[in-house]
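Okay, thanks everyone for coming. I've got two spots to walk you through today, so let me put the picture up.

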Amino acid sequence: MNARAFFLTMAIACGAPAALVAQDDTRTETVRFDAGTSGTTITDSITGYESVLYTLGAEAGQRMQVRLEPTNLATYFNVYAPGKGPGDEAIANAGTMGEMVPDLNRFDGVLPASGTYTISVYMMRSAAWREEVSDYELSISIEGATGDTVQNDYADGLQGGPDFYRVATSGGGVLNLREAPSGGAAVVTTLNNGQNVRNLGCRMEEARRWCRVATLADPGFEGWAAGDYLVEGSNDPSAGTTGTASGSDAAASDMPSAAEQACLQAVTEETNNPDVVLLSSSFSEAGTEVIVGVGPGQAPWQCIAYRDGSTTRPMSLTDEGSL
C-alpha cells in the first residue's frame, strides 16, 4: 500500500473527510500567542495534497475555539489531543458537525488533557488531486484559568520532569527569567547559557510551555522561563557563569537513536551547517521531539521525528532567548 492510500484508509477509519495527505506534503508550524493575549489569527495557504500541522500548548479544562475561513470550500481541519496526530483518531473533525463542532470549520470545546494539541489543515481528495489552491485564515483562542495541578499530562512533561534544568539558548546568549509565565511579564533577571536551575514545575500559557525555576547560586532568584530553552541539567551551581554552554546531556560514547540521528541530519541539511550536536530528546506517542545545537554557540533547533523515519522541517528556537 502506498503512502497516500494508507493515509486515506486511516482518514476513513477515523470518520474524517478523505484528505488523502502524503507524509512528505506535511509541514509543522508552532503557534505562539503574543504576550498578554489568548489567541491569534494565522494566514496561510495549501496546494493539492499539502497539509499543515499547527501545534500549541494548553491545559485540561481550558476552552479552545478554532475557526477556519478558506477560499476553497473543500478545506477542513482536525483537532488532535496531546500525543496524537494524523493517522490517529481526532477529538474533532471540522467537516462533521457534532458536540465540539457547532458549525462546519468551527471548533469549540473544553480540553480533556494538558499538553501540546495539533490542528491539521488539509483539502479533501476531490480538490487535492486537481492541485487546487486554498488560501485561508485560521483563528485560534484558548481561554480559561489553569487549575492548581496539571491534569492528565504524559507526553509534554509539565508534571514531574528532571529536578534540574540547564539553559540552552542561541549563540551563547541569555534567557529572560520573568515574574509570570508570559512574554510580557517583567524580567526578574537573566540566565546564562549553560546555567543550571531548579525545576519548580511547568505550565502552558500563551500556547507555549513556561517553567518556574530557581537559581542555585547566591543571590537566589525565582521566576518563569520559556521551556523551549531548558534541557535536563544538574545541581552544579557554577555551570554557565561564563555564558557558554556547559554540562552534557548524553555521553559521547552513546549512539544516538534512529529518531535523534534523523533530526541531526535534518537540521544539518536545513542550516547547511555540519557543526550540530544533540542537546536533548523527549519521546511521546506522537513522535520524538529532538533539540539540536548548531554552531559553536549550540543555537537550539527543534525537530520532531516519527516512527517511519520522517521528520518535520526543523525550526529555530530563538525568539525568547536573546543573543
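So, Asn196 sits in strand β13, which covers residues 196–205. Keep in mind that this is a predicted model.

Is Asn196 buried or exposed? Its relative accessibility comes out at 4%, and the cut-off for buried is under 20%, so Asn196 counts as buried.

Okay, what does the side chain of Asn196 have for polar company? There's a polar contact of 3.1 Å between the side chains of Asn196 and Ser234. Then there's backbone: the oxygen of Asp236 is 3.1 Å from a polar atom of the Asn196 side chain.

If you leave out residues up to four places away in sequence, Asn196 touches Ser234 and Asp236, and also Tyr165, Arg166, Leu216, Gly233 and Ala239. So that's the neighbourhood to click through if you're following along on your laptop.

Right, second spot: a sheet. This one is open, with four strands, and reading across you get β2, β9, β4, β7, with antiparallel pairing. Which strands stand at the edges? Those are β2, residues 39–47, and β7, residues 106–110. Each has a single partner strand, so one side of each has no neighbour in the sheet. From one strand to the next, the twist averages 15°.

Let's zoom in on one pair. How many bridges link β4 and β7? Five, in the antiparallel sense, with β4 being residues 63–70. If you want a landmark there, find Val66: standing opposite, in β7, is Phe107.

That's it from me, happy to rotate the view if anyone wants.

Methods: Residues are numbered from 1 along each chain as its sequence is written. This is a predicted model: local features need pLDDT of at least 70, side-chain atom pairs count only at pLDDT 80 or more; totals for chains, interfaces and linings use all residues. Side-chain values use heavy atoms; hydrogens and water are left out. Helices (H or I, at least four residues) and strands (E, at least two) are DSSP runs, numbered from the N terminus. Buried means under 20% relative accessible area, exposed over 50%, partly exposed in between (1.4 Å probe, protein chains only). A polar contact is a pair of N or O atoms within 3.5 Å; within protein, one must be able to donate a hydrogen and the other to accept it, and residues adjacent in sequence count only if both atoms are side-chain atoms. Contact means heavy atoms within 4.5 Å. Two strands pair if DSSP finds at least two bridges between them. Axes are lines fitted to C-alpha atoms, for helices over the stretch in contact, and angles run from 0 to 180 degrees between N-to-C directions.
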